[in-house]
Amino acid sequence: MNESNSALGSNAGHSVEQAAALAASKAEEALRSTQRASNGALDHLQGRVHDLGQTVPGALGNAVSHAEELARRGLEKARLASAEVRDQVSRGSERSVAYIRDEPVKSVLMAVAAGAALAVIAGWASRSRSHH
């Protein structure tokens, strides 16, 4: 019986070793598979980051160019509007001077009336403030 127990123990030990070797082999295979999957995911992610790195500067450059163009247009419109206002003020001033030359008495009377109206409004405003 001793020999048979020894044979069983030897066979059991051999089976355990085979099972351990098989488990180690499967674990190594799973580890390699996981590494391949991780490397594939990392490669994909690096590709996406690279693509993004190529896209973002172009998009930012386009946005900056667009903003500069809008600013340039805005400044040009402001310059044109300023020139238009200056021209209108100049024409109004020329017309006023021409009217004063053509109608000096009437112009002085209108200036006196406008001054008197402003004096009345200023007096009324100062009285209403002092009463409150």
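## Helices

A helix here is a DSSP run of H or I at least four residues long, and helices are numbered from the N terminus. Keep that in mind for what follows, and note that this is a predicted model. By that count the protein has two helices and zero strands. Helix 1 covers residues 2–102, and helix 2 covers residues 104–131.

## Surface and burial

There isn't much hidden away in this one: of the 132 residues of the protein, 1% count as buried. The protein exposes about 11,300 Å², and 62% of that area comes from carbon and sulfur atoms.

One residue that does get covered is Ser-107, which sits in helix 2. Its relative accessibility is 12%, and the cut-off for buried is under 20%, so Ser-107 counts as buried. Leaving aside residues up to four places away in sequence, Ser-107 touches Tyr-99 and Ile-100. Both of those contacts carry numbers that fall inside the 2–102 range of helix 1.

## The Glu-69 network

Searching the whole structure turns up five salt bridges. Two of them share Glu-69: one goes to Arg-72, with the closest N and O atoms 2.5 Å apart, and the other goes to Arg-73, at 3.1 Å from N to O. Put together, Glu-69, Arg-72 and Arg-73 form a linked network of salt bridges.

How far apart along helix 1 are Glu-69 and Arg-73? They are four residues apart, about one turn of the helix. Glu-69 and Arg-72 also both lie in helix 1, at a spacing of three residues, again about one turn.

Are these side chains buried or exposed? Glu-69 comes in at 26% relative accessibility, between the 20% and 50% cut-offs, so it is partly exposed. Its partners land in that bracket too: Arg-72 is partly exposed at 47%, and Arg-73 is partly exposed at 46%.

## Another salt bridge

Further along the chain, the side chains of Arg-91 and Glu-84 also meet in a salt bridge, at 3.8 Å from N to O. The limit for calling a salt bridge is 4 Å, so this pair makes the cut. Arg-91 is partly exposed, with a relative accessible area of 40%, and Glu-84 is partly exposed at 39%.

## A nonpolar patch

Which residues make the nonpolar surface patch? Leu-42, Leu-45 and Val-49 do, and the patch has an area of about 280 Å². Leu-42 lies in helix 1, the helix that also holds Glu-69, Arg-72 and Arg-73.

Why can Leu-42 be part of a patch? Patch members need over 30% relative accessible area, and Leu-42 has 44%, so it clears that bar. That 44% also makes Leu-42 partly exposed.

Notes:
Residues are numbered from 1 along each chain as its sequence is written. This is a predicted model: local features need pLDDT of at least 70, side-chain atom pairs count only at pLDDT 80 or more; totals for chains, interfaces and linings use all residues. Side-chain values use heavy atoms; hydrogens and water are left out. Buried means under 20% relative accessible area, exposed over 50%, partly exposed in between (1.4 Å probe, protein chains only). Patches are made of residues with over 30% relative accessible area and no salt bridge: like charges are joined within 9 Å, nonpolar side chains (Val, Leu, Ile, Met, Phe, Trp, Tyr) within 5 Å. Accessible areas come from the Shrake-Rupley method with a 1.4 Å probe; for residues, only the protein chains shown count as cover. Contact means heavy atoms within 4.5 Å.
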